[in-house]
There are 4 protein chains.
Amino acid sequence: SFSLLFLCTSQQIQFADDMQEFTKFPTKTGRRSLSRSISQSSTDSYSSAASYTDSSDDEVSPREKQQTNSKGSSNFCVKNIKQAEFGRREIEIAEQDMSALISLRKRAQGEKPLAGAKIVGCTHITAQTAVLIETLCALGAQCRWSACNIYSTQNEVAAALAEAGVAVFAWKGESEDDFWWCIDRCVNVDGWQANMILDDGGDLTHWVYKKYPNVFKKIRGIVEESVTGVHRLYQLSKAGKLCVPAMNVNDSVTKQKFDNLYCCRESILDGLKRTTDVMFGGKQVVVCGYGEVGKGCCAALKALGAIVYVTEIDPICALQACMDGFRVVKLSEVIRQVDVVITCTGNKNVVTREHLDRMKNSCIVCNMGHSNTEIDVTSLRTPELTWERVRSQVDHVIWPDGKRVVLLAEGRLLNLSCSTVPTFVLSITATTQALALIELYNAPEGRYKQDVYLLPKKMGDMRPFLCHMMSPSIISPAVMSPACICLRLMPT
Amino acid sequence: SFSLLFLCTSQQIQFADDMQEFTKFPTKTGRRSLSRSISQSSTDSYSSAASYTDSSDDEVSPREKQQTNSKGSSNFCVKNIKQAEFGRREIEIAEQDMSALISLRKRAQGEKPLAGAKIVGCTHITAQTAVLIETLCALGAQCRWSACNIYSTQNEVAAALAEAGVAVFAWKGESEDDFWWCIDRCVNVDGWQANMILDDGGDLTHWVYKKYPNVFKKIRGIVEESVTGVHRLYQLSKAGKLCVPAMNVNDSVTKQKFDNLYCCRESILDGLKRTTDVMFGGKQVVVCGYGEVGKGCCAALKALGAIVYVTEIDPICALQACMDGFRVVKLSEVIRQVDVVITCTGNKNVVTREHLDRMKNSCIVCNMGHSNTEIDVTSLRTPELTWERVRSQVDHVIWPDGKRVVLLAEGRLLNLSCSTVPTFVLSITATTQALALIELYNAPEGRYKQDVYLLPKKMGDMRPFLCHMMSPSIISPAVMSPACICLRLMPT
Amino acid sequence: SFSLLFLCTSQQIQFADDMQEFTKFPTKTGRRSLSRSISQSSTDSYSSAASYTDSSDDEVSPREKQQTNSKGSSNFCVKNIKQAEFGRREIEIAEQDMSALISLRKRAQGEKPLAGAKIVGCTHITAQTAVLIETLCALGAQCRWSACNIYSTQNEVAAALAEAGVAVFAWKGESEDDFWWCIDRCVNVDGWQANMILDDGGDLTHWVYKKYPNVFKKIRGIVEESVTGVHRLYQLSKAGKLCVPAMNVNDSVTKQKFDNLYCCRESILDGLKRTTDVMFGGKQVVVCGYGEVGKGCCAALKALGAIVYVTEIDPICALQACMDGFRVVKLSEVIRQVDVVITCTGNKNVVTREHLDRMKNSCIVCNMGHSNTEIDVTSLRTPELTWERVRSQVDHVIWPDGKRVVLLAEGRLLNLSCSTVPTFVLSITATTQALALIELYNAPEGRYKQDVYLLPKKMGDMRPFLCHMMSPSIISPAVMSPACICLRLMPT
Amino acid sequence: SFSLLFLCTSQQIQFADDMQEFTKFPTKTGRRSLSRSISQSSTDSYSSAASYTDSSDDEVSPREKQQTNSKGSSNFCVKNIKQAEFGRREIEIAEQDMSALISLRKRAQGEKPLAGAKIVGCTHITAQTAVLIETLCALGAQCRWSACNIYSTQNEVAAALAEAGVAVFAWKGESEDDFWWCIDRCVNVDGWQANMILDDGGDLTHWVYKKYPNVFKKIRGIVEESVTGVHRLYQLSKAGKLCVPAMNVNDSVTKQKFDNLYCCRESILDGLKRTTDVMFGGKQVVVCGYGEVGKGCCAALKALGAIVYVTEIDPICALQACMDGFRVVKLSEVIRQVDVVITCTGNKNVVTREHLDRMKNSCIVCNMGHSNTEIDVTSLRTPELTWERVRSQVDHVIWPDGKRVVLLAEGRLLNLSCSTVPTFVLSITATTQALALIELYNAPEGRYKQDVYLLPKKMGDMRPFLCHMMSPSIISPAVMSPACICLRLMPT
């Protein structure tokens with residue numbers, strides 16, 4: 001998915017539930033949606049604008065409301081069209097750090113490379129996606145959009161999109177029935193037939209495939225972002241049922257580096273600060289795991305004056321930690337003295353009840369790695385321990401002797417639950433998606449067959465895209481121009 | 001003042017309005033309170049718990065309410081005693097990073113060095129102050145407390161204090177009349193006479209001095225935190241009217257280092273993230289001024305991958321910037337290319353309208369230094385520019401050609417307005433205040449005269465206090481013990 | 001080769017001359033040896049002990065000398081056996097940072113896993129190799145040794161080995177005839193027949209293969225370190241003529257990381273300091289290329305207060321540079337202002353005469369990358385420019401207007417010419433070689449065929465070896481033990 | 001003194017022997033000279049050009065030689081005039097990083113502010129001093145020069161000065177009689193009478209004062225660099241015997257910062273590398289003392305991947321260490337595990353025999369702080385320990401069980417003994433000296449009385465000089481110009 005699974009993916013989470021066979025999909029939908037929403041619903045509660053949207057005094061279902069935007073259109077279904085103004089502000093904030101998409105808009109102003117494209121989309125509805133959607137429109141496309149997650153919609157952003165004329169069907173807190181109703185409203189329209197799909201998770205693709213096979217056959221291309229969705233596409237392809245070229249935008253060096261090293265280097269600080277206001281300087285921290293995520297966490301905390309220890313079972317990574325100036329230890333050696341414990345190993349039960357028992361008072365425990373299994377949170381749900389929810393995403397677990405351990409996000413991913421993903425990071429994926437749509441829509445007959453494609457070789461590592469992503473002031477334009485030459489952005 | 005002026009001080013803000021003569025005080029009170037509240041009210045709107053307290057659906061004045069805590073006491077006046085539970089959580093969070101006070105509580109459990117002390121206090125009412133107040137109580141004192149600022153009270157914390165039995169008179173959004181009423185309620189009690197004052201700003205001290213001269217004479221000591229309050233004490237002393245020993249806890253090496261270098265190193269990141277979600281990596285930033293604040297900002301941003309330029313007119317500081325690896329430039333040289341502009345010079349109009357005109361689209365401008373004059377914000381209030389408030393504390397100023405400059409906190413102090421002050425930093429001041437109260441209360445006859453004292457020489461640079469402040473795991477206990485020996489905490 | 005080509009390799013130097021076919025080898029030997037020696041002879045002139053060995057007052061060829069060690073043996077040929085004492089000191093220094101080999105010695109004291117092994121070796125003869133050779137002896141092997149390069153022998157170390165009873169045949173400044181004579185003296189011995197080969201460059205292997213085919217057939221294994229030697233082994237294998245298992249110890253993650261990132265991070269500083277005594281703080285430096293070598297150089301210089309720019313044509317690497325906080329530029333943009341220019345691109349003519357013409361007075365130019373082609377040194381050999389050799393490895397090139405450019409090592413590799421390779425880095429390779437010899441010598445019949453092997457899978461990335469390499473204090477023993485379990489060090 | 005005591009000073013060494021009364025001076029000269037030379041002679045043995053000058057095959061005293069430079073002059077006495085060419089190279093190298101002096105030369109080309117000045121100087125004779133002397137000549141002065149230390153002269157530099165026409169009397173390895181003979185040759189000349197003194201240590205000043213009182217009276221000014229010399233001047237002044245204005249160029253913020261923080265940040269790395277070739281990455285290091293020197297050492301080592309511990313008894317400094325991310329420990333807590341021990345406390349016996357007994361094999365011990373008392377080296381001179389000199393400045397001290405401790409420079413200052421002082425650092429002092437001479441020589445009657453002056457207030461912190469010292473590319477010229485305005489370089 002655009003922002004959340006996007007990150008999950010790179011942190012190598014295996015969604016056991018999602019590994020179902022494609023054809024069995026409907027029966028398990030409920031579980032998957034639920035498990036996904038658990039990990040995602042938290043994000044927006046910590047978006048910097050969260051406090052504005054919390055007041056949901058209105059309990060009427062959007063489906064039962066009659067709403068009209070200022071131009072008289074009712075071709076949408078959102079929580080409250082009156083929030084459009086506020087949503088527009090959030091979109092404007094996002095635009096400030098998405099210069100690649102903005103420059104794409106400008107470049108294409110004459111040519112409209114997506115003129116004639118009719119795109120149905122199903123992604124998280126956030127300020128950043130809104131910038132993508134409006135870019136697609138600026139490039140000539142008509143768009144109809146639903147949410148890929150029942151909890152992740154920023155209502156005010158959806159309102160702003162609706163006000164701007166996008167046919168958006170999404171709100172925060174949809175029921176499962178609502179979820180499919182919204183998707184259907186995007187596809188099933190009189191006198192309008194989609195010819196492109198932008199999906200995140202595969203639900204939209206599946207719906208079109210199952211319910212509207214005739215539409216499906218005429219789709220020119222599918223762009224899919226998530227691990228799950230890509231997995232389902234490959235299964236469809238294997239079964240010989242994929243009659244449309246699809247593009248997997250999930251894998252690239254850049255994405256790996258951004259999602260893990262550079263992104264986590266910032267979000268570990270952000271996540272800890274927003275939840276605990278802890279001072280980093282002078283704190284003793286143990287980071288479990290020295291992969292890309294661990295490297296990012298360690299670098300940031302060291303830079304701000306924390307004393308950082310690393311646990312690592314892979315000797316190569318352990319050696320890197322040594323050479324980078326971190327003492328490599330067993331968790332049990334330092335567990336009594338550290339102020340913060342951060343897991344990012346990709347393994348289960350890295351922090352056990354025994355460790356938790358030995359932590360000192362006020363120790364903060366959080367997870368930047370495997371979904372919610374790195375810390376054995378279950379072991380804390382025993383009668384002798386008291387849980388106290390002191391803030392959103394922050395629990396004090398209290399031992400009989402009064403010792404408190406500060407558990408963040410109940411052991412789920414801190415950077416998804418308690419910090420924002422930097423817009424610039426999301427910008428990279430969004431630009432890739434836009435370029436993939438342009439490529440598929442304009443590709444000459446025969447370039448793509450009925451298969452799942454990685455990005456074309458020369459686009460593969462996203463090198464050409466980078467010239468868009470870097471502002472001229474960061475990378476000297478002179479450096480960028482040769483790289484830009486190889487970018488065949490528009491069909492000539 | 002405890003947290004806010006505390007910081008202002010160290011950033012060397014001159015409160016022109018406050019430099020009034022002490023005796024003329026009442027006539028100007030209104031203006032000063034107002035100007036103070038402008039700079040302070042912003043802080044709590046960004047405290048991590050802000051969203052909980054925003055809903056002030058209740059418009060009845062606390063003075064007109066009948067409230068009783070669970071033990072049947074009505075000896076307080078707060079917004080809503082029912083918020084006590086939530087406030088208790090916030091206090092518990094604060095306790096996690098204030099180990100110096102907690103250890104002070106433990107040490108004193110037997111001796112009660114403040115047994116018999118009757119303290120009236122007037123400070124910000126925040127979770128951190130609550131930890132201080134409850135520590136004073138644990139040491140044997142009786143406390144009555146009001147707020148030193150009409151906007152800065154965390155209502156839920158006040159409620160928690162009231163529930164715990166502290167006589168607290170404070171709420172967010174007091175009128176000026178409320179302000180003095182609350183102070184008076186602390187002092188003017190049948191059968192209870194204060195013998196110690198803990199003040200932040202001098203209002204309480206002035207009130208007692210003017211209204212209750214007989215109480216004033218019997219005060220054993222005053223502890224004052226703010227520049228303003230200290231200034232007023234010196235004036236009183238000069239005029240021969242200070243009949244009580246007073247302690248200036250405003251000046252120390254530690255405080256300077258903490259308030260500026262170490263604190264700003266963290267709050268610049270926190271403030272930028274919470275308001276703009278900007279990614280630091282690869283951003284070009286110019287920091288104006290390379291004093292302690294500037295050094296902190298530069299170190300943090302460099303560490304997270306920003307490309308940092310420095311402007312500095314003092315050649316010694318400029319040389320330090322060079323040796324620390326920053327290119328020293330004139331602002332005009334880089335103004336077109338930078339993504340973020342941060343001022344911390346202590347001068348006026350460092351960023352002029354001309355600079356603002358030349359910034360690129362999306363440039364973020366903020367101030368970590370002199371109150372609200374470093375950026376010439378006034379010059380932006382002209383008809384051709386549109387202001388758009390996109391979030392709390394975040395304005396987009398829009399030029400006729402569509403260019404947006406992102407102005408934070410309207411040019412006021414970013415770290416006060418848009419980030420939290422780390423609890424650990426506040427812990428240092430709070431511990432100093434507690435120790436100063438203990439010292440004054442227990443000092444043998446004659447040790448202190450009717451004058452303003454710096455901390456006694458051996459306490460002066462707070463060395464002994466540090467052993468309390470550092471958790472044993474950070475500084476080895478073996479290292480600390482010799483330092484602790486010179487701490488004569490309790491009268492023996 | 002052990003230290004020098006070892007490094008060259010990882011810096012991806014293409015030895016055009018070496019890419020000859022194996023069978024044509026003898027005809028081109030001269031050129032190759034010569035070109036190799038040019039790049040290598042410089043190393044020891046900067047070894048920290050250089051001053052001791054410079055005085056070569058003795059012009060008699062070692063082959064014509066009669067020398068005897070203190071035990072009466074003459075089974076060696078070195079420059080001057082009297083230098084043994086000094087050489088022993090150098091070996092002792094090296095031992096201090098080669099704890100992996102030392103611990104290997106201790107472990108094997110009982111078992112002697114190389115008992116019966118008769119090893120002929122041909123490597124650089126340095127203090128570090130001496131530690132390896134003496135370790136092999138301690139493990140039970142008999143050794144005869146020659147030098148793989150005519151210039152690189154540390155005479156005093158050779159003397160120390162001879163004094164200790166090792167049959168060593170090597171001195172600094174051998175003729176080509178000497179070179180082969182020494183090799184032959186190692187192999188061609190009455191009553192002693194080699195059964196293992198440790199080679200660096202393939203010359204020894206080739207000599208045995210050609211001259212002593214009967215010995216060659218009975219060799220149990222060959223361990224080869226250099227790119228060139230490995231290349232020749234593969235050709236032999238391809239031609240069906242390799243009748244012995246051989247092990248390629250040239251490729252591993254660890255080696256890449258060590259030789260480039262970690263090693264260059266230190267040697268860039270060392271090389272610049274020893275040659276120019278330049279202060280790093282406040283200097284402007286441009287690093288051309290942001291691969292592993294460039295990353296190491298940039299990190300070190302940034303950390304010491306230099307202002308670092310990067311040139312990079314690969315957008316992915318450019319993006320990494322950005323995210324690490326370096327401004328990415330074209331060389332021509334900064335060439336007038338920088339104080340130091342460092343090349344590490346792997347390309348030719350990165351620094352052209354035009355760039356050199358525009359540099360400011362005192363600019364230092366050096367190369368950490370491609371042998372001697374990154375800087376167009378040839379373009380500086382024109383009549384209007386004056387060359388002045390101001391120190392060993394340091395030339396001032398003087399323009400008609402008096403401007404001086406400081407050229408280091410005539411554009412050859414700075415870290416080979418002007419700094420020492422950290423012993424710890426060499427220790428990693430040496431340990432690998434020792435373990436490979438043990439493995440091959442003790443492998444049961446049939447485990448290895450007549451082929452070139454990478455290190456066995458589980459040894460492949462050297463993970464198990466790391467437990468030896470890291471001192472217990474760096475990586476906690478508890479961490480290491482699981483890794484050590486998978487190390488099958490001795491045949492059981 | 002120019003380079004060595006210069007540094008000693010800032011590291012707060014108390015020269016007990018030097019604290020003698022001025023009038024008793026002659027009797028103790030021997031001891032002082034000797035003790036000074038012990039600490040200084042080492043410097044040049046590690047100058048990067050050392051190997052060239054080591055070969056002192058010539059045992060004839062320079063005083064007995066007849067030497068003539070290429071212009072036929074014999075007005076000098078140096079070791080070997082034939083080394084002039086090589087010395088010129090060393091001077092040219094030094095000029096590359098002394099741009100302040102070079103720019104001073106250029107500025108003054110027209111005016112010759114020292115025209116008529118006859119300067120006798122007594123300083124170390126190094127390449128850097130040579131740049132100073134030749135600058136003074138270029139500004140119009142006539143100079144006669146001797147060495148302030150019997151061991152520190154770079155013979156080849158003295159030769160180059162002599163060849164260039166400077167009357168220099170100095171060589172490496174003077175006897176005490178030579179020492180005073182050289183000084184006398186500078187002062188006692190027919191038809192030439194000095195009117196300015198530039199001294200380092202006070203020996204020249206004392207000689208003129210005692211032997212040539214009539215010359216002394218007509219001196220226009222004395223510029224003194226060293227602690228010792230300044231101390232003697234103050235004593236003379238106190239005794240009412242100083243009939244000449246003197247300038248103390250020993251104290252300034254810049255000097256403190258440069259000599260300690262910035263200089264040591266580089267020389268700790270340089271000193272360790274040149275002596276031991278140790279790899280920094282992954283090493284565990286304990287730095288005793290976290291003053292400016294300790295801060296520099298810690299920053300550099302941390303940056304290169306060492307794991308650094310700090311011992312510190314001052315809680316303020318300990319707190320800074322914590323906030324900078326170092327674990328503060330007692331030495332005994334980590335002594336068994338560290339790879340390197342560095343002292344910079346300013347105290348005695350910080351590293352005791354007991355500590356040394358507990359160190360692990362290969363541990364490196366060195367001192368960056370108080371002369372030679374921080375490490376209790378004396379305690380190692382016991383029969384059961386074997387000392388082995390493995391390199392110049394490097395001793396292995398060997399315990400009965402074979403354990404070796406690597407002691408550098410016998411516990412004397414590592415940065416003086418085993419690394420070079422960056423030319424740029426020396427450039428700052430040299431420029432100050434030149435400007436002080438210009439000021440004193442051109443000052444109008446009455447500006448300076450017969451007293452010891454600090455640099456005039458506005459020169460005091462050397463701010464104006466910095467504009468010379470920073471190359472325009474480092475600090476933007478626009479930044480520097482306002483600072484330069486206040487520099488009244490030439491009398492107008």
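Here are some short exercises on this structure, each with a worked solution.

Before you start, note that this is a predicted model: local features need pLDDT of at least 70, side-chain atom pairs count only at pLDDT 80 or more, and totals for chains, interfaces and linings use all residues. Residues are numbered from 1 along each chain as its sequence is written, while chains are lettered from A and ligands numbered from 1 in the order in which they are written.

**Exercise 1.** Work out the strand order of the seven-stranded open sheet in chain D, and find its edge strands.

*Solution.* Start with the terms: strands (E, at least two residues) and helices (H or I, at least four) are DSSP runs numbered from the N terminus, and two strands pair if DSSP finds at least two bridges between them. Next, read off the order, S3-S2-S1-S4-S5-S6-S15 of chain D, with parallel pairing. The edges are then S3 (167–169) and S15 (452–454) of chain D, each pairing on one side only. Neighbouring strands in this sheet are turned by 20° against each other on average, direction ignored; axes here are lines fitted to C-alpha atoms, for helices over the stretch in contact, and angles run from 0 to 180 degrees between N-to-C directions.

**Exercise 2.** Zoom in on how S1 and S4 of chain D pair, then find which strands helix H8 of chain D touches.

*Solution.* First, S1 (residues 118–123) and S4 (residues 196–199) of chain D pair in the parallel sense over four bridges. Within that pairing, Gly121(D) has Leu198(D) as its bridge partner in S4(D). Now for the helix: H8 (residues 176–187) of chain D packs on the sheet and touches S1, S2 and S3 of chain D. Its direction makes about 170° with that of S2(D). Contact means that C-beta atoms, placed from the backbone, lie within 7 Å.

**Exercise 3.** Is Glu312(A) buried or exposed, and where does it sit?

*Solution.* An unreviewed UniProt entry lists Glu312(A) under "binding site", along with others including Gly296(A); such annotations may be inferred rather than shown by experiment. Glu312(A) lies in the loop between strand S8 (307–311) and helix H14 (315–323) of chain A. The cut-offs are 20 or more other C-beta atoms within 10 Å for buried, 12 or fewer for exposed, and partly exposed in between. Glu312(A) has 24 C-beta neighbours inside 10 Å, so it counts as buried.

**Exercise 4.** Check the span of helix H4 (residues 84–95) of chain D.

*Solution.* Multiply 1.5 Å by one less than the number of residues. For the twelve residues of H4(D) that should give 16 Å, and the end C-alpha atoms are 16 Å apart, which agrees.

Notes:
Two residues are in contact if their C-beta atoms, placed from the backbone, lie within 7 Å.
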